[in-house]
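User: I am in my first year of study and would like to learn how to read a structural model of several protein chains. May I put a series of questions to you about this one?

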Amino acid sequence: MRWVVVIAALTLVGSAAAADGKQVFGRYCVSCHGPNGAGVADRGPSLHGVGARAADFYLRTGYMPLKHVGLQPRRSRLLLDDAQIAALVRYVASLGSGPAVPHPHPERGNVSAGMTLFRSHCAGCHQIVAEGGYVTNAVPPALGDATPTQIAEAVRIGPYVMPTFSTKAISDDELDSIIRYVEYAKHPDNRGGWALGNVGPIPEGLVSWFIAGTALLGVCLVIGKRLRA
Amino acid sequence: MSITRRVVTFVDERTASAPILRKALRYLFPDHWSFLLGEVALYAFMVLVGTGIYLTFFFVDSTHDVVYHGTYAPLQGQHMTEAYKSVVDLSLNVKAGLLIRQTHHWAANVFLVAILLHLFRVFFTGAYRKPRGLIWALGVTMLFTSLLEAYMGYSLVDDLLSGMGLVIGYSVGLSIPFVGANLMEWLFHGPYPGQHVFWPRMYIAHVLLFPILIGMLLTAHLLLVALRHHTQFKRRRAQSNHVVMGVPTFPGQTPRSLGLLLAVAGVLFLLGGLVQINPIWQWGPYHTYDATNGAQPDWYLGWLIGGLRLVPGFDLVIGKFTLVPNPFWGGALFPLVILGFLYFWPWLERKWTGDHAWHNVLERPRDNPRRTAIGIGVISWVVLVFVAGSSDRVNLVFGIPYTGQIWFYRVFVFVGPLLFGAIAYRVCKELQAGEKVEEDRHTAEAEARLATWSKPSQSSES
Amino acid sequence: MRAETAAILLFLLTGLFSVAFIVVYAIDRIPHQTQFLGLALGGALVSLAAALIITGLKLVVTEELVEEYPPPLHAGEVDLIATTVEEGGTRLTRRRLFKLTLLAAGGGLATAALTPAVSFGPILRVKDFFGTPWTRGRRLVDENGTPYKASDIEEKDFYTAFAEGADKEEAGASVVLVRLPTSSLKLPSELQGYDADGIVAYSKICTHAGCAISMYRVPTFAPDEPKPALVCPCHYSTFDPASGGTVQFGPAGRPLPMLPLQIDGKGHLRAKGNFNEAVGPSWWGVRNRKPTP
């Protein structure tokens, strides 16, 4: 008898939590993802089977809620607090069985293997030290703010126009190495001095003109005479 | 006898050169600050040669495959060329190696900045006019030779970024109508990536052939300047096409020029130590099947990446014959047109204005509105194409859609120069008008003063 | 004489910076070596520069002198030179023929001297541009040499493959593989059958300027997101993998060459032949011939 009570209580609590998530879902998500996350044609995909992994990623990065349909989801200020996100994650996870939030171990990875993997699979879009870039009609973001969990999630999900890399393509061990490399790339070896954002020749050109150029122009102005003496 | 006297006696006894030395010592330099820009370029070149010699003692010009087992963990176990590895080792394991390498690279960037500033000064003041057309032609040749030299320099390292740049250069060469493919397989010893022998070729060109070429052009350039003497701005009444005023080499000019040399070297070494440039260990080695986003050439080739990105996607084809592959327009024709403009401008101007006279006195930009407007127009064309080439980064930073920017620039790179040229023309005219008003005012005041002095009785009577 | 004092102090400063450079160089334990070495050497140079500039501006006699420009023309000398040279040939009877044949001799010698340069590379062997390592039955392998199985290739991902046994750096060796739903394939008639169960393979070398096509844009939610495309990061040439690598945006003037695929008995991916077009950036004869193994 006691067990029935316990189970009933748990179910109530569970459904209460789910109901909580459902309420948040109703406020922020249903207009695009439809009632019970079934999806709305031309507005938002179905969330059945996407699992806690997708919800955790899109919500904790601020990719979702999306301001309006057609925009690229980007990292932004979180509209929802931690409790709301947790509730939503549970709710979305309950919409059919899907992958759980991953737990990567970058400390087990190899940074050199990670660099090689990153170069083959990721650098074309995200740039070799993960400073982000451009692909026609979309913006692969810089990864400086991405947590290891978020990187693992994004690699498996392939949000927006990013490819999706399953464990067959990139094993969990390889993913650990990739994440280890991305973590390294957040603070790369900049022993040459001021790193100028690690994006290459454009800022170097700006320094050549506006720092060196102005300094040397200044020296010339000091040494030489002006037209109006 | 003083030391100086002894040294000069020693030299003249052995070389009979005292008369020449005296002339050299009393050569008059114009002292306007803008005449020092060419010197800045010269001193940057000297730093390049000095630091470059050091680098040749460490660089390995081989594209043979090696595996990295050095101190930098992210590259551990990776395959790379010996060339790339030698630069990684120099940067990370040789004391002062990174300092000298970075100084060398900064010097190249700043060398080209200085050349351009110097070119602007010479162009906008008409210094290239007769009898100095040859000096101008030598200078333009040095500009393009230095562009190529710098490009080869950073391509030698064979990192991911510069490797991508090299294949693009190859493709532009390939796009030359009729002969492109033949020329490129001749140079590379086969289609890209060519044979291993290409790397020593590029190396010898960069460390021996081009420096000698630039050195010779530079020597001729400076010799001609000295033989015909510098031009000058007309600041004093004594100055004219026949009479030059200036500061002699010794003692006036020498400490200033030496000071400038050291200032240039100082700025370059400060940059070399404090501001990171081309951190190739972060880019990783190049492979033909790898690429990174955000790859850009060094600044002085930015106009070409803009040119390559702006041209809509078409090859000009006749039947099966590909007459003009796409990269030709933005990558080869565009710089050729600029080169042609620069080379032929003095002749064009002479034909156009009918001015075949011999000029030693410079004009200020406002004194020749047409030349200034045309110069500003051509510069705007290059700058706008250059800016178009970085529109993907503008998208990333400011959110303006890339595709939209490309369409905008496709039109604006042609409209803008006309606009900016017209504005420059107006500005010159206005400045001239303003000076004329000043002049008229001075003259009127002087006349009025003269009138009151010369006829005092008249004014007091009436 | 404040300027002189300043100059002397700056000379001393130069010396100090120089010593600092040597000290930093000698002591390994000093961190940020590049920065301190640069500061020391740069500081020394800038101090000396300042000293010399102060000397030049304030300490040496800087009179402005006046003198004549050299004359535009030394008419007399020019005349003498010209006459001397012209008179040099007074004993020639057939002047034009002499000059002409002298020129021809010089030109001939110069041409002969330059001729060995022709052998720097195969200047006429353009058929090399059509060579690729792909033959019918050649397996597709990954960067480590492991053969790809068709079942390895999943939708929404992209893979880099090479001709088994080939030099990976060769332009014709690398391909990019994607799997598309067969219903979405819109291959033109001449490329029908080039796919293997929806898996398509294109040359990884961009037909614009040779960079590696290393971006695959594939939508999560097709109605509101850009459609699948292979994109090059250099100048953003955008190719549609569903329609035979046709150019959707960007400066490429040719579609991506497509490699016909088949699946063997063990499920491995193999080439069914060579690319439909020559690989790599365009050149004058790129459309003249089909690629050869």
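User: Among contacts in chain B between residues at least 6 apart in sequence, what percentage join residues at least 24 apart?
Analyst: The model under discussion is predicted. The contacts considered here in chain B are those between residues at least 6 apart in sequence. Of these, the share that joins residues at least 24 apart is 76%.

User: How many helices does chain B contain, and what percentage of its residues count as buried?
Analyst: Chain B has six strands in addition to 17 helices. Along the principal axes, its C-alpha atoms fill a box of roughly 105 × 70 × 40 Å. Chain B has 462 residues, and the part of them that counts as buried is 56%.

User: What area do chain B and chain A bury between them?
Analyst: The size of an interface is often given as the accessible area lost when the parts come together. Here 65 residues of chain B and 54 residues of chain A take part in the contact. Carbon and sulfur atoms account for 64% of the buried area, and the total for chain B and chain A is about 4,900 Å².

User: Which residues form a salt bridge with a closest N to O distance of 3.2 Å?
Analyst: Side chains of opposite charge can pair when their charged atoms come close. Between chain B and chain A the count is two salt bridges. In one of them, the closest N and O atoms are 3.2 Å apart, and the partners are A:Arg119 and B:Asp290.

User: Which helix gives the most residues to the side of chain B that touches chain A?
Analyst: Across this interface, 25 residue pairs are in polar contact. Several helices of chain B each supply at least two residues to the side that touches chain A, including H3, H5 and H16. With nine residues, the helix that gives the most is H10(B). By class, this side of chain B has 20 polar, ten charged and 35 nonpolar residues, but the helix asked for remains H10(B).

User: Which residue of chain B pairs with C:Asp28 in a salt bridge, and is that residue buried, partly exposed or exposed?
Analyst: The side chain of C:Asp28 meets that of B:Lys95 at 2.4 Å, N to O. This pair crosses between chains: C:Asp28 is in the loop between H1 and H2 of chain C, and B:Lys95 is in the loop between H4 and H5 of chain B. C:Asp28 has a relative accessible area of 58% and is therefore exposed. The partner B:Lys95 has a relative accessible area of 26%, so the class of B:Lys95 is partly exposed.

User: How many residues apart are B:Glu363 and B:Arg129?
Analyst: The side chains of B:Glu363 and B:Arg129 meet in a salt bridge at 3.7 Å, N to O. B:Glu363 is in the loop between H13 and H14, while B:Arg129 is in the loop between H5 and H6. Both residues are buried, and they belong to a network of salt bridges with B:Glu349 and B:Arg371. The pair links distant parts of the chain, and the separation is 234 residues.

User: In which helix do B:Arg441 and B:Glu438 both lie?
Analyst: Their side chains meet in a salt bridge at 3.4 Å, N to O. B:Arg441 has 41% relative accessibility and so counts as partly exposed. B:Glu438, at 39%, also counts as partly exposed. The two are three residues apart, about one turn of the helix, and both lie in H16 of chain B.

User: What kind of peptide bond joins B:Tyr192 and B:Pro193?
Analyst: Most residues other than glycine have a negative phi, and most peptide bonds are trans. B:Pro193 is found in the loop between H8 and H9 of chain B. Omega between B:Tyr192 and B:Pro193 is about 5°, and the bond is cis.

User: Is C:Tyr236 buried or exposed?
Analyst: C:Tyr236 lies in the loop between strands E7 and E8 of chain C. Its phi is near 65°, a positive value in a residue other than glycine. The relative accessible area of C:Tyr236 is 0%, which is under 20%, so C:Tyr236 is buried.

Note on methods: Residues numbered from 1 in each chain as written. Chains lettered and ligands numbered in written order. Predicted model: local features only at pLDDT ≥ 70, side-chain atom pairs only at ≥ 80, totals over all residues. Heavy atoms only, no water. Contact = heavy atoms within 4.5 Å. Buried area = accessible area lost by both parts, 1.4 Å probe. Salt bridge = Lys/Arg side-chain N within 4 Å of Asp/Glu carboxyl O. Polar contact = N/O pair within 3.5 Å; in protein donor to acceptor, adjacent residues only side chain to side chain. Helix = DSSP H or I, 4+ residues; strand = E, 2+ residues; numbered from the N terminus. Nonpolar A, V, L, I, M, F, W, Y, C, P; charged D, E, K, R; others polar. Buried < 20%, exposed > 50% of the residue type's maximum accessible area, 1.4 Å probe, protein only.
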